[in-house]
Structure formats: C-alpha cells, structure tokens
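Trainee: Please give me a close look at a single part of this model, and then show me how the rest is described. Begin with what the word pocket means.

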Amino acid sequence: MPAADIRGAFAGRVDLPKLMELKRIWRVSMSALLRRALDLGALTEWQHRTVTIEMSALGYRMAEPVEIPREQPQAVPALVRTLLDEHGLTLESAAACAHLLPEDFQHLYVEGPRTTPLSPY
C-alpha cells in the first residue's frame, strides 16, 4: 500500500467500520491496514492499541468479518497454455523445467489448483 495512494484513506477517524471499508478496496487484512495507518502517522500508538484490543475482543484477529474473493492468477496459466498449445512443449518437458512431476505440473498449471475456503485474511 504505497503511502501516496493510501494516506488520504486514513483521513479522519480510523475505526473498525473504516477498516472494513478499506479492506474491500485494498484487499488486505484489517490488521495490515491498521498497522499501515500507524506507520503513516494517521493514528497514535494509543489509538492503534485501542483498535487492536477491540478487534481482539470481537474475534477479528482470528477471523475478520469482511471476506474478499480469492484472486485467480491469469498470467502463469496463460503462459503455460501458450507453451503447451502453440510452442509444442510437452507436459513432461514443461514439468521437468519446473522441477515437478508431470501430474503435479498438470494439477498446478493446467487444471488449476482446487479452491479451498477463503481465509478471512
């Protein structure tokens, strides 16, 4: 979160509703946003501690209330498809280049990994 881009988002009060709102925008944990606000001087150590305690009391340090969708990588799968389809690279040779077994390479880069429930962080 570059300082120049996020500093304005911390204008005014930094509280739980603000952190929830910013989590949806920046797609990072509320704890990371809170720490960034402290680092940028948008709140004092005491304010940071108070919000951290509030998050802990509500259980937000273990499971935050706002879920964000998991990002789906696109560049690497597209590159693998190009190598396999257009450049005639075999699955076995591609796997060898990646130091993987062919079935692991296929699972990771051709089929795509199975999605697991998203962590709230």
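Mentor: On a 1 Å grid over the protein atoms alone, a pocket is an open set of points with protein on both sides within 12 Å along at least five of seven lines. Keep in mind that the model is predicted.

The part to look at is the second largest pocket, with a volume of about 200 Å³. Its lining begins in the sequence with Gly12, Arg13, Val14, Asp15 and Leu16, and goes on with Ala42 and Leu43. Trp46, Gln47, Thr50, Val51 and Glu54 complete the lining. Which helix gives the most to this lining? That is helix α4, residues 45-57, with five residues. Sorted by class, the lining of the pocket has six nonpolar, three polar and three charged residues.

Leu16 is one of the lining residues, and helix α2 covers residues 16-26, which leads on to the packing of that helix. Helix α2 packs with helix α3 (residues 30-39) at an angle of about 105 degrees, and their axes are 9 Å apart. Angles of 65 to 115 degrees count as roughly perpendicular, so α2 is roughly perpendicular to α3. On the α2 side the contact is made by Leu16, Leu19, Met20, Leu22, Lys23 and Trp26, and on the α3 side by Met30, Leu33 and Leu34. By class, this contact of α2 with α3 has eight nonpolar, no polar and one charged residues.

Another packing pair can be read in the same way. Helix α5 (residues 75-85) and α7 pack at about 110 degrees, with their axes 8 Å apart. That angle makes α5 roughly perpendicular to α7. Val76, Pro77, Val80 and Leu84 of α5 make the contact with Phe105, Tyr109 and Val110 of α7. The residues of this contact of α5 with α7 are seven nonpolar, no polar and no charged.

Finally, consider aromatic rings. A pair of them is described by the distance of the centres and the angle of the planes. The structure holds one aromatic pair. The ring centres of phenylalanine 105 and tyrosine 109 are 5.0 Å apart and the planes are at 50 degrees, so the pair is tilted. Both residues lie in helix α7 (residues 102-111), four residues apart, about one turn of the helix. Phe105 and Tyr109 are also among the α7 residues in the contact with α5.

Conventions:
Residues are numbered from 1 along each chain as its sequence is written. This is a predicted model: local features need pLDDT of at least 70, side-chain atom pairs count only at pLDDT 80 or more; totals for chains, interfaces and linings use all residues. Side-chain values use heavy atoms; hydrogens and water are left out. On a 1 Å grid over the protein atoms alone, a cavity is a set of points where a 1.4 Å probe fits but cannot get out, and a pocket is an open set with protein on both sides within 12 Å along at least five of seven lines; lining residues have an atom within 4 Å of a point. Grid points are joined across faces, edges and corners, and a volume is the space filled by probe spheres set on the points. Helices (H or I, at least four residues) and strands (E, at least two) are DSSP runs, numbered from the N terminus. Ala, Val, Leu, Ile, Met, Phe, Trp, Tyr, Cys and Pro count as nonpolar, Asp, Glu, Lys and Arg as charged, and the others, Gly among them, as polar. Axes are lines fitted to C-alpha atoms, for helices over the stretch in contact, and angles run from 0 to 180 degrees between N-to-C directions. Angles under 35 degrees count as roughly parallel, over 145 as roughly antiparallel, 65 to 115 as roughly perpendicular and the rest as oblique. Contact means heavy atoms within 4.5 Å. Rings of Phe, Tyr and Trp (its six-membered ring) pair if their centres lie within 6.5 Å; planes under 30 degrees apart count as stacked, over 60 as edge-to-face and the rest as tilted.
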